[in-house]
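Thank you for giving me a few minutes this morning. Please have the sequence and the model open while I talk, and follow along at whatever pace suits you.

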Amino acid sequence: MRKHAQRSLALLALTLLACTPTYSSLDVYPLDGDGEVVGNTIELEEGHAMVVHVRPVSTGYPSYEDFDIVSLESRSPTIAFAEGAREIDEFVIGGVSVGTARITVSVNGRDEDELVVEVVAQQESAP
Amino acid sequence: MGSLNAQGPPGRRRSLLWCGLLAACTTTGPSGTPTVETPGELGHGEFVYACVESSDPVCRGDDTRPPFPDCVALGGEFELEYEVFEGPDAQVSSLSEEYFQVVASSRFRAARVGTAAMLARRADETVDYLHMRIVEPDTIEIRNALTGSPADTVLMRTGAKAIFELIPISGDCDPIGGSLNFTASSSDPSVVTASSEGTLALTARAPGEATISVEAIGMLHTFDVVVSDPPTRWPPGETETDTGTGSDGDTDSDSDASGSDSDATGTTGMDSDTTVDTDATDTDTDTDTGTTGTT
């Protein structure tokens, strides 16, 4: 009886694992604003804001769905601002001051990757 | 994209619809201050600009539909709120306080030349944003608040008060927004005093001459004030027939419109240039009926 229960639990765990996407990478592209996105790196001028789409990519089946929660957190909020926008998987990135900031990307509460935000000086106000 | 008709009373919905169709539109704020709106760059609502002082060029003049300012003067203060089309309210915050400093709730000061975003945020999301340009004014004009005339040489009578505004001017940006903070001083406070609380207020104390110095965002402006005693009253029953062209032939623009002071009589000939006699707030109770108000 006990052995049967153990087998059932193992089977359930395997089934759940099989239904969970396996993180592979991020799909990041700009939606609004003047910043540039190359891979996981975003470059924008200080004082400027832009909207980016950030969606995790799974290694295989199943893929991530809209109900998979992606969140961003800036590790240097004095350099780069990051916060969710109104739509799913859309985020507002802002250049607060010149410098480089890393933004932690978590999926369903688990830290999976990071974005690098290069905040550069405004051309018109640069010395 | 938020819809235009999801929230608010019908009148407000119509207003939002029209504002959505137009680039910018005007309403009147709760406190009666003029406001102008422009859609956020993400289209979820409108940013509402309000002047802090009447010296803000956006709120000056007779234009009942002033446009949303293209930019804000360096050092200029203004209020900015956000009205979301759908969902809970959002608060405006500055993305970078290096550019827009937060003075108070919804009140900001342009601190550095450049362009910076104002964010409309609520709970844990950013609903919208608006990039605003900050420029250094080419010059700052000091104008009489009542007549709009520039302050070159100001003639005042003892006891009179005059109000002036500091107007930022930019050839690169029109309209430019923002009310400027400034300091003001008088070379001889026994003749005329100057205060700088929102507007520049001069009070004539005694006959004489003084120079007023005004400094705003590093720009220094000076102008002279000549204070003289009020002229001798006309004998009872006589009226002055001065039509505003004194012996010097000039055409002054005395602005006694709101004052009960009737000392305007006989002063015309004294004004020898384009200065503006500013008895707007004079509370003189002289009952002389010989006023012409056209000095």
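Let me begin with a question: which residue's side chain does the side chain of B:Glu98 meet in a salt bridge? In this predicted model, the partner is B:Arg112, and the nitrogen-to-oxygen distance is 2.5 Å. B:Glu98 sits in the loop between β6 (91-94) and β7 (100-104) of chain B, while B:Arg112 sits in the loop between β8 and β9 of that chain, so the pair ties together parts that are 14 residues apart in sequence. As for their surroundings, B:Glu98 is partly exposed at 36% relative accessibility, and B:Arg112 is also partly exposed, with a relative accessible area of 26%.

Now stay with B:Arg112, please, since its side chain also meets that of A:Glu46 in a salt bridge, with 2.9 Å from N to O. A:Glu46, B:Glu98 and B:Arg112 are therefore linked in a network of salt bridges, by the rule that a side-chain nitrogen of Lys or Arg lies within 4 Å of a carboxyl oxygen of Asp or Glu.

That brings us to the interface between the chains. Two salt bridges are counted between chain B and chain A, and besides the one I have just described, A:Glu83 forms a salt bridge with B:Arg121, where the closest N and O atoms are 2.8 Å apart. Because A:Glu83 lies in strand β6 (residues 80-84) of chain A and B:Arg121 in strand β9 of chain B, this pair joins two chains. A:Glu83 counts as buried at 10% relative accessibility, whereas B:Arg121 is partly exposed, with a relative accessible area of 30%.

How many residues does each chain bring to this contact? Chain B gives 27 residues and chain A gives 22 residues, and together the two chains bury about 1800 Å², with 47% of that on carbon and sulfur atoms. If you look for the three residues that supply more than any other three of the area that chain B buries against chain A, they are B:Leu95, B:Thr126 and B:Tyr129, with 28%. There are also 12 residue pairs in polar contact across the interface. On the side of chain B that touches chain A, the elements giving two or more residues are β9 (114-122) and β10 (125-135), and β9(B) gives the most, with seven residues. The residues on that side divide into 12 nonpolar, seven polar and eight charged.

Let me go back inside chain B for one more pair. B:Glu77 forms a salt bridge with B:Arg107, with the closest N and O atoms 2.8 Å apart. B:Glu77 lies in strand β5 (residues 76-84) and B:Arg107 in strand β8 (residues 107-110) of chain B, so this pair ties together parts that are 30 residues apart in sequence. B:Glu77 is buried, at a relative accessible area of 3%, and B:Arg107 counts as partly exposed at 24%.

Finally, a look at chain A as a whole. Chain A has one helix and nine strands, and reading along the sequence you meet the helix ahead of the strands, in the pattern α-β-β-β-β-β-β-β-β-β. Of the 127 residues in chain A, 40% are buried. A:Ile69 is exposed, however, with a relative accessible area of 56%, and you will find A:Ile69 in the loop between β4 (49-58) and β5 (70-74). Leaving aside neighbours within four places in sequence, A:Ile69 is in contact with A:Ser106, A:Val107 and A:Asn108.

Definitions and conventions:
Residues are numbered from 1 along each chain as its sequence is written. Chains are lettered from A and ligands numbered from 1 in the order in which they are written. This is a predicted model: local features need pLDDT of at least 70, side-chain atom pairs count only at pLDDT 80 or more; totals for chains, interfaces and linings use all residues. Side-chain values use heavy atoms; hydrogens and water are left out. Helices (H or I, at least four residues) and strands (E, at least two) are DSSP runs, numbered from the N terminus. Buried means under 20% relative accessible area, exposed over 50%, partly exposed in between (1.4 Å probe, protein chains only). Contact means heavy atoms within 4.5 Å. Buried area is the accessible area (1.4 Å probe) that two parts lose on being put together, summed over both. A polar contact is a pair of N or O atoms within 3.5 Å; within protein, one must be able to donate a hydrogen and the other to accept it, and residues adjacent in sequence count only if both atoms are side-chain atoms. Ala, Val, Leu, Ile, Met, Phe, Trp, Tyr, Cys and Pro count as nonpolar, Asp, Glu, Lys and Arg as charged, and the others, Gly among them, as polar.
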